[in-house]
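Visitor: Hi! I've just opened this one and would love a hand finding my way around. Could you show it to me and take a few questions?

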Amino acid sequence: MNNTIIQVQNLVIMFGDFKAVNDISFEVSRGEIFGFLGANGAGKTTTIRTLCGILNPTSGKVLVNGVDVTASTAVLKPHIGYMSQKFTLYPDLTVWENMDIAGSLYELSRPKIRKRTEELFSFIGLTNIPGGTVRQLSGGTKQMIALAASILHNPELIFLDEPTAGTSPKTRQAFWNLIRQLSAQGKTIFVTTHYMDEAEYCHRIVLMERGRILAMDTPHNLKQTYFPQKPVELAFTSDRQQIILQELHRLSLGNVGVFGNKLRVNITDKNAFEAFAQQHQTDFTVRSVEPTLDDVFLKAITGAK
Ligand code: ATP
């Protein structure tokens, strides 16, 4: 079996005169957790909708599981699960009724739906299937059930569009544990998120901005590429933090973030910074720190490397 499950070549998607997706190309391997990151309006949902066969490309080629997405959604449908950002579950129906509807979309029999629902609810850690309407459930439980509904037909490729938006840190963690387990079972996960800390869990990520891919690699490689020189943290031993902050800006020594009584600097000129640190050694101590993906994204957006 071919190890590539998604192939996108020079994909362009226009809405009227507006280019929502602007000539992007990438491939995703089976079993990968592939993260799509970008601010609102970057083109993430539009790309997912195209990969699911809901939207047609304006130009370019999109193959999913070897099938051209414009050819036949019927061929594609059994292989993909899609948990969309907006519609997830019917709030006025019970959990079982929602699962019945989700299953009937894939022509699963009633007994099959029951069996898969029970398996999946055990997988997502819900021992008692709630009896009331979905509206009465917590946000986190709803998201877990929405995930179960989107994979009821056991697809090999799962699209998750901001699955953890607006949920608690505990739910986010539980959700990502499930994502990792699905990937370990050989499923491919294509996930969008605004949370850079979540992106760390992806095998590879794409950083998107205004329809274009700014960067694509593993989190580790992206950090190496954008930060051959690691950021530094200044811990203050004097009360001159504010003055030093102004000086760092005035001398353009790098982008500075304030974290309580510490400053974090993405240095632009190593020699100039070292001379500055030497001059102010009674004010602060310096140590190198790991860049975050937020740091990478900021640098990628400004075009700096
Ligand atoms: P978000 O996180 O807000 O969902 P996104 O990265 O998923 O952002 P998209 O929803 O793909 O972004 O939207 C990309 C751009 O395309 C936006 O400017 C959006 O307004 C526009 N857009 C999306 N769908 C349509 C449509 N059906 N008609 C016109 N413009 C659209």
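Visitor: Let's start small. Which polar atom does the backbone oxygen of T46 lie 2.8 Å from?

Guide: A polar atom of the side chain of T50. Do keep in mind that this is a predicted model.

Visitor: Where is T50, and is it buried or exposed?

Guide: T50 sits in helix 1, which covers residues 44-51. T50 counts as buried because its relative accessibility is 1%, and the cut-off for buried is under 20%.

Visitor: Okay, what about the ligand? Which residues come nearest?

Guide: There are 14 residues around the ligand, and G41, G43, T45, T46 and E162 come nearest. You have met T46 already: its backbone oxygen is the one next to the T50 side chain in our opening topic.

Visitor: And which atoms of T45 and G43 are involved?

Guide: For T45, an N or O atom in the side chain is 2.7 Å from an oxygen atom of the ligand. For G43, a polar backbone atom is 2.9 Å from a ligand oxygen. A42 also brings a polar backbone atom, at 3.0 Å from an oxygen of the ligand.

Visitor: How much of the ligand does the protein cover?

Guide: It covers 61% of the 630 Å² of accessible area that the ligand has on its own.

Visitor: Let me zoom out. How is the protein divided?

Guide: Into domain 1, residues 4-224, and domain 2, residues 231-289. The C-alpha centres of these two domains are 42 Å apart. The C-alpha trace of the protein spans about 75 × 45 × 35 Å along its principal axes.

Visitor: How many helices and strands are there?

Guide: Eleven helices and 14 strands. As for burial, 47% of the 305 residues are buried.

Visitor: Since it's predicted, where is the confidence lowest and where is it highest?

Guide: The lowest is helix 2, residues 73-76, with a mean of 82, and the highest is strand 1, residues 4-15, at 97. Over the protein, pLDDT averages 91, and 98% of the residues score at least 70.

Visitor: New topic: how many salt bridges does the structure hold?

Guide: It holds 15. In general, side chains of opposite charge can pair when their charged atoms come close.

Visitor: Can you walk me through a few?

Guide: Sure. R30 and E156 meet through their side chains, with 3.6 Å from N to O. This pair links distant parts of the chain, 126 residues apart: R30 is in the loop between strand 2 and strand 3, and E156 is in the loop between helix 5 and strand 7. R30 counts as partly exposed, because its relative accessibility is 21%. E156, at 26%, also counts as partly exposed.

Visitor: What about K223, which residue does its side chain meet?

Guide: E200, in a salt bridge of 3.0 Å from N to O. K223 is in helix 8 and E200 is in the loop between helix 7 and strand 9, 23 residues apart. K223 counts as buried at 16% relative accessibility, whereas E200 counts as partly exposed at 35%.

Visitor: And D295, what does it pair with?

Guide: D295 forms a salt bridge with R264, where the closest N and O atoms are 2.4 Å apart. D295 lies in helix 11 and R264 in strand 13, so the pair ties together parts that are 31 residues apart in sequence. D295 and R264 are both buried. Elsewhere, salt bridges that share partners join K115, R116 and E119 into one network.

Visitor: Back to helices for a second. What does the side chain of T141 make a polar contact with?

Guide: The side chain of S138, at 2.9 Å. T141 is in helix 5.

Visitor: Last one: what is the phi of R210?

Guide: It is near 40 degrees, a positive value in a residue other than glycine. Most residues other than glycine have a negative phi. S252 has a positive phi too, near 50 degrees.

Visitor: Where are R210 and S252 found?

Guide: R210 is in the loop between strand 9 and strand 10, and S252 is in the loop between helix 9 and strand 12. R210 counts as exposed because its relative accessibility is 67%, and S252 is exposed as well, with a relative accessible area of 54%.

How values were computed. Residues are numbered from 1 along each chain as its sequence is written. This is a predicted model: local features need pLDDT of at least 70, side-chain atom pairs count only at pLDDT 80 or more; totals for chains, interfaces and linings use all residues. Side-chain values use heavy atoms; hydrogens and water are left out. Domain bounds come from an automatic or database domain assignment. A salt bridge is a side-chain nitrogen of Lys or Arg within 4 Å of a carboxyl oxygen of Asp or Glu. Helices (H or I, at least four residues) and strands (E, at least two) are DSSP runs, numbered from the N terminus. Buried means under 20% relative accessible area, exposed over 50%, partly exposed in between (1.4 Å probe, protein chains only). A residue is near a molecule or strand if one of its heavy atoms lies within 4 Å of it. A polar contact is a pair of N or O atoms within 3.5 Å; within protein, one must be able to donate a hydrogen and the other to accept it, and residues adjacent in sequence count only if both atoms are side-chain atoms. Accessible areas come from the Shrake-Rupley method with a 1.4 Å probe; for residues, only the protein chains shown count as cover. pLDDT is the predictor's confidence in each residue, from 0 to 100.
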